[in-house]
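Here are some comments for a colleague who is reading this model for the first time. Please keep the structure open beside the text and find each residue as it is named.

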Amino acid sequence: MVEAILIDLFSLPAVLQNNIQGLLCRTLETIEKCSSIPAPFIYVMCYQVQGSEGKGEQDSLLPALRDFQSLKKRLEVVRALTTAAALYTIKQRLDEKDISSIKIILPTLRKALMKVYIDHLFTPVYQFEFEDLQVASDCNNLQITEPQSEEQTLSTQDVALIQSEIQTYLESLPSLKGELTILKSSLIPDDIFLHGFTTRTGGISYIPALSSCNLFSSSKRRDPQVVVKENLRRLANAAGFNPETFHRVKTDHANAVCIMGKTEPDSYDGIVTDQKGVTIAAPGADCIPVLFADPVRKACGAAHSGWKGTLLGVSMATVNAMVSEYGCNVKDILVVLGPSVGPCCYKLPHESAKEFHRIDPKCVRHFDSATPYIDIRRATRILLESGGILPENIQDDSVTDQNQNITFCTACHPDKFYSHFRDGTNFGTQIGFISIKE
């Protein structure tokens, strides 16, 4: 079911762009005949002539729409200097209304172009269908027709130009929710390692649950990869690492570890390296982003430790990889537990809680309830210490030093962090990252 219509007049002559009342009326008549939605949202995308801002283009259309009174508040003319800017503005309007089904009416020659923009600016959450907009040879008439089977193919150069246009536009956008903030541990020596844990501020993601420095894109979320890439670029600039040599774990909630420089597994929750200038990272949105640093052998690691990964020993698997691959002494390895859901908030079903109770009864609160509270940080510390990590080499602010302000509870601080437990399925992601300075 179509929830919104986008009429692309971006490439049409100005005389036609300013004479679209007939097209809008015919479009509404067609939709009303074949849709249960009497008047879906209509977005008209036009080229913005420089110096013509604020001329009231939308108001000039309304007299022709007297037969469609319900449309007045559902019509928006979006004028911009680039297709990327216009489409991104329309995407914001769609997301505000939680719309995902869109019909695009556009000139046939624009279809291949439009699909490239859509592939970059949208995710599989959205469904698109197309109708062709035919322009008469005298440029005085517009007509909507069924899509033609033949479609123009864009060159690699054309696609690269579109990508560059999108990137340039996103780079021009202001940061949201304040400045980009990076939390750092005093345990990891700054003269050898570059590291940090991100918060949710300082990016460009505008969807409330993802705002603003979301660092993960998926087919189930509305934040496209290009937005996450721009957030990462801003983080890299602030932190001082190269985003082109950035590697994030491919989470599977298990205990596999990737050794940088060797064959990459299909999925893994731990990653280690001794290569200078390579930044490795682990995500977290309640799960613990854990950073590892050996200042003696100059090696580092990162792990994503959720409740499943904690039970499977992903943190010690990462330590063991550093020992076996780089000759690290386990007593030299420093470990920092990043922002994650605390025992104040996190619950699991009783069957899963039993596994944490076996590690240490103090890892579980209200054990006899159906959903006990779980301390995955405590379980992680116990497993690390059992593997030989010195207690003084583990930073967990919830027990070691409240003043460090690293191991916040993500669920308790909606202004600072994303939380799957708190926000549900459409949640954002922060990361912990580390690299060896060159």
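1. Leaving aside its neighbours within four places in sequence, which residues is Asn 405 in contact with? The model is a predicted one, and in it Asn 405 is in contact with Leu 183 and Asp 397 once those sequence neighbours are set aside.

2. To find Asn 405 yourself, look in the loop that lies between β18 (394–395) and α12 (420–423). Pro 339 is 66 residues away from Asn 405 in sequence, and the C-alpha atoms of the two are 9.0 Å apart in space.

3. Is Asn 405 buried, partly exposed or exposed? Its relative accessible area is 39%, and because partly exposed covers the range between under 20% for buried and over 50% for exposed, Asn 405 counts as partly exposed.

4. Turn next to the open sheet of five strands, whose order is β7-β8-β19-β12-β9 and whose pairing is mixed. Its edge strands are β7 (182–183) and β9 (246–248), each of which pairs on one side only.

5. Strand β19, which spans residues 430–436, is mostly covered, and seven of its seven residues are buried. Gln 430, Gly 432, Ile 434 and Ile 436 point one way from β19, while Ile 431, Phe 433 and Ser 435 point the other way, and all of them are buried. This can be read beside a general rule, namely that side chains in a regular strand alternate between the two faces of the sheet.

6. The pairing of β19 can be followed on both of its neighbours in the strand order. Strand β8 (residues 193–198) pairs with β19 in the antiparallel sense over five bridges, and here Phe 193 stands opposite Ile 436 of β19. Strand β12 (residues 279–284) is also joined to β19 by five bridges, and these two strands run antiparallel; in this pair, Ile 280 has Ile 434 of β19 as its bridge partner.

7. At one edge of the sheet, β7 and β8 run antiparallel and are joined by two bridges. A useful pair to locate here is Ile 182 with Thr 198, its bridge partner in β8.

8. Finally, consider a nonpolar patch on the surface, of about 260 Å², which is made by Tyr 47, Val 49 and Leu 81. Of these residues, Leu 81 has its place in the loop between β3 (75–80) and α4 (83–96), and it counts as partly exposed because its relative accessibility is 44%.

Technical notes. Residues numbered from 1 in each chain as written. Predicted model: local features only at pLDDT ≥ 70, side-chain atom pairs only at ≥ 80, totals over all residues. Heavy atoms only, no water. Buried < 20%, exposed > 50% of the residue type's maximum accessible area, 1.4 Å probe, protein only. Helix = DSSP H or I, 4+ residues; strand = E, 2+ residues; numbered from the N terminus. Pairing = 2+ DSSP bridges. Contact = heavy atoms within 4.5 Å. Patch = residues over 30% accessible without salt bridge, like charges linked within 9 Å, V, L, I, M, F, W, Y side chains within 5 Å. Areas by Shrake-Rupley, 256 points an atom, 1.4 Å probe, with all protein chains shown as cover. Salt bridge = Lys/Arg side-chain N within 4 Å of Asp/Glu carboxyl O.
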